[in-house]
Amino acid sequence: MALSNGSILVSFVIAGQTLPRKTTSDVNQVSGKSFDYIIVGGGTAGCPLAATLSEKFSVLLVERGGSPYENPLIMENKNYGLSLVQTDEYTSVAQSFVSKDGVSMLYLYHSNLRGRVLGGGSAINGGFFSRASDDYVKRVGWNKQMVSDAYKWVESRNAFKPKLTPWQYVAELSFLEAGIFPYNGFSLDHIKGTKIGATTFDEQGRRHTSADLLTAGNPNSITLLLNATVTSIIFHEKGSRYETIVRGIRFIKSDGSSSQTHEAYLNTQNNSRSSTGDVILAAGALGSPQILLLSGIGPQKHLNKFNIPVAVNLKSVGKGMTDNPCIALLAEIADAKPKNFPPDSPKVTVIADDFKLVIQALILPISFNATIMPIVGKLAFPESEGELELNSTDPRKNPSVTFNYLAKEKDMAECVKLGRLLEKIVRSKSIAYFLGIEGKRRNKSMSTDDELRKLCKNNVRTFYHYHGGCTMGSVVDKNYRVFGIDGLRVIDGSTFLESPGTNPMATLLMLGRYQGIKILQERENA
């Protein structure tokens, strides 16, 4: 059962799951209409934000992908990871991209991945749910009580105490064998040691994505447009120049079947240009800075290369792109008989080395009928960072992104620590007994620092937790308003200076609710 109870408003039903009754993939049904708020991106932060704002205002939520509910590869825990095996240019639930670093995701994928489905990353990830630390909340400047209330609102609907599989029990024991204490049991908090986190898969193994949170909103006030990609933000015009007041958005069909552009607008006051609402970008660490650049908000020199009129010369857009470097070691050994266990999402985690390292155990599919068993770890606070730029003016195409993994010596040194800890874990008696390989690793010496540096350099991977590009203090202010623009905010992981907690999903879900409440309070006070 969910961690606590929450009321649900029933509306439009798809594949046994409720969606707002005004849900459509027909761009013509939305074209030309006006709303109090327009949210771009129905992902991890966008859905709870839309649900919250709909309590008092009309909301248009635009998602470039479709509904997840008809897809058992997304919705069922037994199929964890299989929805990512095959991708295509316009319609797959995940869009592949290759950073300039040439880094891939673990062993399964030849490229990095970003969500392209209602629910965003919460529809394709491992479902691990854990809060940010109190220190993180304090550093960002959020209200502690409001953050707690927002987490509880999410957890009452989407977070569950997991039942450990045999592999997760073994992982837990191997972490403790490696000396990673204290043992904290089940906890939602970001605390040192070994713990069991919550999961977004319920007791029946069904995934609960951020899209489920739309049912907590006012179904009469949410318009959900699926399979539509926003091309740019519209500004009020004055002569041949654009003012920095947002008027609405332009969008096209996502499937590539038509290049016809449509528009939707913010409601205005008394036929003036002033709007009390906002366009809010929640398109993720790649999508939100990309849309800003396509709209003429970014470094002037870069925009000039694509003949994009400059609305605001905001040089920090696309800067500070960061991904948490990951390395992984297989629990299996090369000459052992393959076990081919079913896919298994993470439920136990390690938080070690003064919060600097995070480790989990998975069983990942490498095809539709074969799996591997990696122990994976990430650096929680990498200093290396890169940037995002446009590749083209087509918003359906991926932007160019560089993360500069392990470019700073401090990151490389931390990766060596991570590698040494992973070696201790994979050599544990618990894993050896479970896999029937007792003694087969005993005679092999531990790697030297130089060997681990080589491992890090040659095998660094993504952990999916990339962030930045619209960071707070550089692109947005403390209220997530874009500097120099009236009526535009960014509320998603692109604003983060670091990835919160073990996995950012819980905090992104919370952020949508938290900032929605803050905006409602702003409007009430005004």
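**Notebook: helix α11 and two of its partners**

I looked up which residues join α1 to α11 in this predicted model. On the α1 side I found P48, L49, T52 and L53, and these meet L509, G512, R513, Q515, G516, I517, I519 and L520 in α11. I sorted the residues of this contact by class and got seven nonpolar, four polar and one charged.

Next I checked the geometry of the pair. Helix α1 covers residues 46–53, and its axis and that of α11 come within 7 Å, crossing at roughly 30°. Angles under 35 degrees count as roughly parallel, so I entered α1 as roughly parallel to α11. I noted the crossing of α1 past α11 as right-handed.

I then turned to α4, which spans residues 144–158, and to its approach to α11, residues 505–525. The axes of α4 and α11 come within 8 Å and cross at roughly 120°. Is α4 parallel or oblique to α11? The crossing angle makes α4 oblique to α11. I logged a right-handed crossing here, with α4 passing α11.

Last, I listed the side of α4 that touches α11. M146, V147, A150, Y151, W153 and V154 are the α4 residues in the contact. Their partners in α11 are A506, T507, L509, M510, R513, Y514, I517, K518 and Q521. I split the residues of the α4 contact with α11 into eleven nonpolar, two polar and two charged.

One cross-check between my two lists: L509, R513 and I517 of α11 are among the residues that meet α1, and L509, R513 and I517 also appear among those that meet α4.

Notes: Residues numbered from 1 in each chain as written. Predicted model: local features only at pLDDT ≥ 70, side-chain atom pairs only at ≥ 80, totals over all residues. Heavy atoms only, no water. Axes fitted to C-alpha atoms, helices over the stretch in contact; angles between N-to-C directions. Helix = DSSP H or I, 4+ residues; strand = E, 2+ residues; numbered from the N terminus. Parallel < 35°, antiparallel > 145°, perpendicular 65-115°, else oblique. Left-handed = near helix turned anticlockwise from the far one by under 90°. Contact = heavy atoms within 4.5 Å. Nonpolar A, V, L, I, M, F, W, Y, C, P; charged D, E, K, R; others polar.
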